[in-house]
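Thanks, everyone. I'll keep this short and walk through one model, region by region. Please have the viewer open.

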Amino acid sequence: MVEATIVQLLAFRADPAGDLIMSFFSNPRPPREPRRGANDLLAPEREVPAPQRRVIDANFVYQELIDKRPALIDEKLKLHTKIIEEFNLTYLERLSRDDLIREIRTYVLEYVRAERISLNQKELDIFANEIVDEMIGFGPIEPLLKDPTVNDILINTHKTCYVERFGKLERTRVHFKDEAHLLRIINKIVAGVGRRVDESSPMVDARLPDGSRVNVAIRPISIDGPMVSIRKFSEKPFSVDKLIEVGSIRPKMVDLLHAAVGGKISIVISGGTGSGKTTMLNCLSNFIPSNERLITIEDAAELQLQQPHVGRLETRPATPEGRGEVRQRELVKNSLRMRPDRIIVGECRGEEAFDMLQAMNTGHEGSMTTVHANSPRDALKRLEQMVAMADIGMSPTSIRSTMASAIRLIVQLQRLPDGKRVVTSIAEITGMEGEVIQMQEIYRFIKERSDEYGIHGTFRATGVRPNFLQELKAYGIELPGGHFETSQPL
């Protein structure tokens with residue numbers, strides 16, 4: 001009887017199209033559709049293929065089940081803990097996929113019967129599939145990776161795991177069997193991008209298959225045991241419409257940024273850790289015309305550009321023999337020979353800042369990058385320090401002059417204490433006066449009060465009209481004068 005049930009479950013899981021039924025503990029989400037251009041808006045909607053209809057049906061089954069039976073999440077966590085404690089994980093990793101599925105499904109079926117959990121055939125199948133996915137995937141953190149409400153996963157040794165939801169940190173019940181178990185998951189992650197982590201190289205940056213950013217530190221530099229930080233990336237990239245909806249920016253500010261990108265104004269996005277710099281960079285990249293060639297340069301590839309003509313470059317760490325390292329500076333130099341219209345550097349953090357500024361000054365206007373800084377003025381200071389790291393013998397005045405001619409706009413983001421991320425300033429660089437870079441703020445966010453619901457404020461124009469508006473007319477772009485009125489909040 002048990003064998004027959006397992007065969008039925010395996011048959012139900014098999015999908016002729018090769019698509020997986022949706023994850024039991026992820027929020028329902030329809031399958032992602034291709035981005036539609038302006039010319040496609042009047043085109044008739046395409047019929048949803050049969051495999052996708054099955055996924056959508058599973059979504060509805062999940063939503064109805066979880067609404068009625070929220071306690072199933074606790075049961076699932078309990079079951080996963082039992083599997084970690086009772087199974088020989090090293091033995092399981094040596095099994096073929098089919099054998100592993102058979103072992104886990106048999107255990108799940110026995111657990112459901114022993115605990116007298118009432119599930120019909122379809123619900124039981126979804127429940128079993130989730131456990132199998134965890135064992136094949138990244139173990140205990142698999143449900144957190146599938147949870148769209150989780151932004152960051154922070155593992156502090158095998159005993160403790162925190163997540164960030166809606167800007168707030170909270171501890172979870174997720175844990176690993178022991179340090180060896182956590183190290184196996186870490187090696188599975190870093191091996192997927194051709195990197196390694198061991199005592200001789202105890203730090204590594206990597207990424208998950210969905211683009212989520214991963215940082216790992218193990219012994220001896222991590223005293224108490226391995227530490228893993230995962231910055232998750234949404235399967236569906238944020239759009240500017242979504243940023244407006246959540247109150248991170250206002251439509252008139254978006255219009256200015258849209259015009260600046262279309263008019264090939266070089267932009268630096270500045271902000272602290274977790275302030276949304278990469279999200280903003282992704283959003284602004286959507287305004288780049290589709291007929292331009294883009295080259296992206298990153299330490300760990302995480303940008304999700306939607307343009308059709310994109311070349312992606314990624315740094316490479318040194319081998320155990322200390323050879324083969326490829327830094328961002330070499331990639332920026334190489335990208336200049338790849339005929340890019342624009343270069344997008346995921347984050348400037350060192351000597352590559354000089355080559356990035358040179359690119360902006362030599363026919364690659366409209367390029368973009370991000371930098372860690374607390375204000376637009378601080379961003380300029382940091383860039384100046386990074387250019388000095390290139391050891392090219394330029395005087396401070398020469399460096400500032402290069403920066404003033406290369407960078408035209410700085411977008412400042414901040415993560416507020418309540419977890420909300422907002423654009424706090426948009427400032428234009430207007431040139432040099434003596435030895436000081438001149439800057440004028442166009443829009444700003446003014447904090448007004450705070451209560452139990454968070455921090456409240458308004459976005460306001462400063463009344464300053466950008467100097468580059470005249471340049472935009474050459475691209476057929478004009479902004480209404482009302483966008484810069486100060487009489488009322490945006």
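Start with Arg339. This is a predicted model, and in it Arg339 counts as exposed, at 57% relative accessibility. Exposed here is over 50%, so 57% clears the bar. Look at the backbone there. Phi of Arg339 is positive, about 55°, although the residue is not a glycine. You will find Arg339 in the loop between H12 and E10.

There is another residue with that feature. Phe166 also has a positive phi of about 55°, and Phe166 is not a glycine either. Its loop runs between strand E2 (160–165) and strand E3 (168–171). Phe166 is exposed, with a relative accessible area of 64%.

One more backbone point. The peptide bond from Arg219 to Pro220 is cis, with omega near 10°. Pro220 sits in the loop between strand E5 (213–217) and strand E6 (227–231). Now stay on Arg219. Its C-alpha atom is 6.5 Å from that of Glu199, and the two residues are 20 apart along the chain. Glu199 belongs to the loop between helix H8 (179–191) and E4. Is Glu199 buried or exposed? Exposed, with a relative accessible area of 66%.

Next, salt bridges. How many salt bridges does a search of the whole structure find? The answer is 20. As general background, side chains of opposite charge can pair when their charged atoms come close. I'll show a few.

Take Glu351 and Arg327. They form a salt bridge, and the closest N and O atoms are 2.5 Å apart. Why does this pair tie together separate parts of the chain? Glu351 lies in the loop between strand E10 (342–345) and helix H13 (352–361), while Arg327 lies in the loop between strand E9 (310–314) and helix H12 (328–335), so the pair joins parts that are 24 residues apart in sequence. On accessibility, Glu351 counts as buried at 18%. The cut-off for buried is under 20%, so Glu351 qualifies. Arg327 is partly exposed, with a relative accessible area of 37%.

Now move to Asp355 and Arg329. Their side chains meet in a salt bridge, 2.6 Å from N to O. This pair also links distant parts of the chain: Asp355 is in helix H13, Arg329 is in helix H12, and they are 26 residues apart. Asp355 is buried, with a relative accessible area of 8%. Arg329 is buried too, at 13%.

Two further cases, quickly. Asp451 pairs with Arg449, with the closest N and O atoms 3.1 Å apart. Asp451 is partly exposed, with a relative accessible area of 30%. Then there is a network of salt bridges: Asp147, Arg165 and Glu170 are linked in it.

On to the sheet. Please find strand E11, residues 368–372. Four of its five residues are buried, so E11 is largely enclosed by the rest of the structure. Which strands does E11 pair with? Strand E7 (residues 267–271) pairs with E11 in the parallel sense, over five bridges. Ile269 stands opposite Thr370 there. E10 pairs with E11 as well, again in the parallel sense, over two bridges. In that pairing, Val345 has Thr369 as its bridge partner. Put the helix in, and E10, H13 and E11 make a right-handed β-α-β unit. Recall that H13 is the helix that holds Asp355.

Another covered element is helix H11, residues 277–285. Eight of its nine residues are buried. Among them are Met280, Leu281, Cys283 and Leu284. Lys277 is buried as well.

Last stop, the second largest pocket. Its volume is about 620 Å³. Its lining has 24 residues. Nearest the centre are Arg195, Thr315, Arg316, Pro317 and Glu325. Strand E4 (203–207) and H12 each supply at least two lining residues. E4 gives the most, with three. How does the lining divide by residue type? It has six nonpolar, six polar and 12 charged residues.

To recap three places to look. Find the salt bridge between Asp355 and Arg329. Find the cis peptide bond from Arg219 to Pro220. Then find E11, with E7 paired to it in the parallel sense. That's my tour. Over to you.

Definitions and conventions. Residues numbered from 1 in each chain as written. Predicted model: local features only at pLDDT ≥ 70, side-chain atom pairs only at ≥ 80, totals over all residues. Heavy atoms only, no water. Salt bridge = Lys/Arg side-chain N within 4 Å of Asp/Glu carboxyl O. Buried < 20%, exposed > 50% of the residue type's maximum accessible area, 1.4 Å probe, protein only. 1 Å grid on protein atoms, 1.4 Å probe; cavity = no way out; pocket = protein on both sides within 12 Å on 5 of 7 lines; lining within 4 Å. Points joined across faces, edges and corners; volume = space filled by probe spheres on them. Nonpolar A, V, L, I, M, F, W, Y, C, P; charged D, E, K, R; others polar. Pairing = 2+ DSSP bridges. Right-handed = clockwise from strand over helix to strand, strands pointing away.
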